Amino acid sequence: MPDVARPYAASNALEDTGQMPALFVRERQSAPPPPRSTGPDFDRIQHGKEFVALRKTFRRFVFPMSLLFFTWYMTFVLLAAYAHDFMSRKVWGEVNVGILLGLGQFASTILITIAYLKFANKRLDPQVEQLRASVGAGER
């Protein structure tokens, strides 16, 4: 009986079963295991007290700053969605509260970036250098 679902059905039985071998594939040879790395022991570094202190310092800045920015952003979005009268209130000329708060989003992003750069240069970078020196990874 002809296959009406596939009018141009394959005439090869292997094609019907889905067991057709792939074309242009090299024979698979078992590759030798990769050579052992002689680099730093990352597992030991990750669980070391210096790295744990570095992560803690990083998180003390990033988590509160992220929460603060997210709160500020969601306040802006909710005001834009539900407080039309407040957001459309003119400040001077055609400039309204919504435009000022929208520009404030850009300004706060720039300020957070500057604050993070100062924080990283002052607090994180010295800890990173100390960690690199302790594991001997200063040379690249």
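**Exercise 1. Describe the two ends of helix 5 in this predicted model, starting from the residue that follows the helix.**

Solution. Begin just past the end of the helix: helix 5 is followed by Gly 136, and the phi of Gly 136 is positive, near 75°. Then turn to the start of helix 5, where a side-chain oxygen of Asn 96 comes to within 3.2 Å of the backbone nitrogen of Gly 98.

**Exercise 2. Compare the reach of helix 5 with its expected span, and locate its bend.**

Solution. Take the length first: helix 5 has 39 residues, and from its first C-alpha to its last it reaches 53 Å, which is close to the 57 Å expected at 1.5 Å a residue. Next follow the axis, which bends by about 45° at Ala 120.

**Exercise 3. Which elements do the buried residues of helix 5 pack against?**

Solution. First list the buried residues of helix 5, which include Val 97, Leu 101, Gln 105, Phe 119, Ala 120, Leu 124 and Leu 131. Then trace their partners: the buried residues of helix 5 pack against helix 2 (42–46), helix 3, helix 4 (84–87), strand 1 (90–92) and strand 2 (95–96).

**Exercise 4. Work out which helices supply the largest nonpolar core, and examine the contacts of Leu 124.**

Solution. Start with the members of the largest nonpolar core, which are the seven residues Ile 45, Leu 54, Phe 61, Phe 119, Ala 120, Leu 124 and Leu 131. Helix 3 (49–82) and helix 5 (97–135) each supply at least two residues of this core, and helix 5 gives the most, with four residues. Finally, leaving aside residues up to four places away in sequence, Leu 124 touches Leu 54, Thr 57, Phe 58, Tyr 116 and Phe 119.

Conventions:
Residues numbered from 1 in each chain as written. Predicted model: local features only at pLDDT ≥ 70, side-chain atom pairs only at ≥ 80, totals over all residues. Heavy atoms only, no water. Core = buried A, V, L, I, M, F, W, Y, C linked by side-chain atoms within 4.5 Å. Buried < 20%, exposed > 50% of the residue type's maximum accessible area, 1.4 Å probe, protein only. Contact = heavy atoms within 4.5 Å. Expected span 1.5 Å × (residues − 1). Bend = angle between axes of the 7 residues up to and from the residue. Polar contact = N/O pair within 3.5 Å; in protein donor to acceptor, adjacent residues only side chain to side chain.
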